[in-house]
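Visitor: I would be grateful for a close look at a single part of this model, followed by an account of its surroundings.

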Amino acid sequence: MANQSKKPLLEISGLTRRFGGLTAVNGLSLAVGEGELVSVIGPNGAGKTTLFNLIAGLDTPDAGSVAFDGRDVTGFTAERLAGLGLARTFQHGRVFGNLSVLDNVLVGAHTRLRAVRPGGPLGVPVLGPLVELALALIRPASVRAEEERLRAEAAEIVALFGERLTPRLDKPAHSLSYANRRRVEIARALALHPRLLLLDEPTAGMNPTETAEMLEIIRGLKARGLTILLIEHKLDLVMQLSDRVVVMDHGARIAEGLPAAVARDPAVIEAYLGHKAVGAANQDEAGYGEAGAVIRAVQ
Ligand SMILES: Nc1ncnc2c1ncn2[C@@H]1O[C@H](COP(=O)(O)OP(=O)(O)O)[C@@H](O)[C@H]1O
Ligand SMILES: [Mg+2]
């Protein structure tokens, strides 16, 4: 909680997004301090991913504002925000299937450099081996040296995931397991050198071993001082990692506080268990079951 007294790196205020008659995010305010790890939890459809889209510039709010490092960035494009140091991963994972693991991660580094030096020699997206080769032939040595440095750095980031990705650096992303594609996505986000990392259900589809590994990786990122906003269904992970937990339901914040206190909050229990009782047949039953179990355990 010590971090909460620091100036917020991210400050959203009255954020609202409507889809027709549905208010997916409803007047939400939230601040994340530098170095803090804040988790956003809530039942499916609560508006968590929409909130991320609004923060990361993939969607525009109907009302409210987003400030990053004290600057109003409402309405900025995702690329501009990436240049400022805001990186995100997607709930269902998004990688470039035909690019290798290494090139996927390099996309993150190139996005960063393009933002810093628009139109510069490295302002070229990763275009595949042939184009890469053609460019390599006409590039001055200084640029080639920089490319080498970026590759070494990308390999270093990939090594965060132990032996999961390193032996597969040159494999196309489409040949990877689902869990590995999610790791590649996080590696790409890290290659941006983010100041704020938004992770949307990073352990979705992962088994308990893979989930435990991811927990350690996120813990490591946090220990290095990275500010993280995490959406996660697995509440045991949320409880272990978070400085603070924000609970959303129907687009609004229904609770916020220390993990253990939030898990005891009657409104939270109602949101999880109430939804479970009503919609177990067509909702993410595993997610709710786990949430319910953890809430009961902490009670
Ligand atoms: N592009 C969209 N158009 C219409 N409705 C949307 C769109 N995106 C999300 N929604 C709706 O907004 C609500 C919140 O969705 P979402 O943010 O994905 O929730 P969560 O990530 O918490 O599960 C849901 O009812 C969803 O169907
Ligand atoms: Mg979602």
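Which residue in S2 does Leu10 stand opposite?

Guide: In this predicted model, the residue of S2 that stands opposite Leu10 is Val32. The two strands concerned are S1, which covers residues 8–19, and S2, which covers residues 22–33. Eight bridges join S1 to S2, and the sense of the pairing is antiparallel. Two residues lie between the strands of this hairpin, and Gly20 there adopts a positive phi near 60°.

From the hairpin one may pass to ligand 1. Among the residues surrounding ligand 1 are Phe19, Leu22 and Ala24. The shell also includes Gly42, Asn44, Gly45, Ala46 and Gly47, and it is completed by Lys48, Thr49 and Thr50. Two elements, S2 and helix H1 (48–56), each supply two or more residues to this shell. The greatest contribution is that of H1, which provides three residues. Sorted by class, the shell around ligand 1 consists of six polar residues, four nonpolar residues and one charged residue; Lys48 is among the residues that surround the ligand.

The wider setting of this part is the whole chain, which contains ten strands and eleven helices. The chain has 299 residues, of which 41% count as buried. Among contacts in the chain with a separation of 6 or more, 66% are accounted for by residues 24 or more positions apart. To return to the starting point, Leu10 and Val32 face each other within a hairpin whose strands pair in the antiparallel sense.

How values were computed:
Residues are numbered from 1 along each chain as its sequence is written. Chains are lettered from A and ligands numbered from 1 in the order in which they are written. This is a predicted model: local features need pLDDT of at least 70, side-chain atom pairs count only at pLDDT 80 or more; totals for chains, interfaces and linings use all residues. Two strands pair if DSSP finds at least two bridges between them. Helices (H or I, at least four residues) and strands (E, at least two) are DSSP runs, numbered from the N terminus. A residue is near a molecule or strand if its C-beta atom, placed from the backbone, lies within 6 Å of it. Ala, Val, Leu, Ile, Met, Phe, Trp, Tyr, Cys and Pro count as nonpolar, Asp, Glu, Lys and Arg as charged, and the others, Gly among them, as polar. A residue is buried if 20 or more other C-beta atoms lie within 10 Å of its own, exposed if 12 or fewer, and partly exposed in between; C-beta atoms are placed from the backbone. Two residues are in contact if their C-beta atoms, placed from the backbone, lie within 7 Å.
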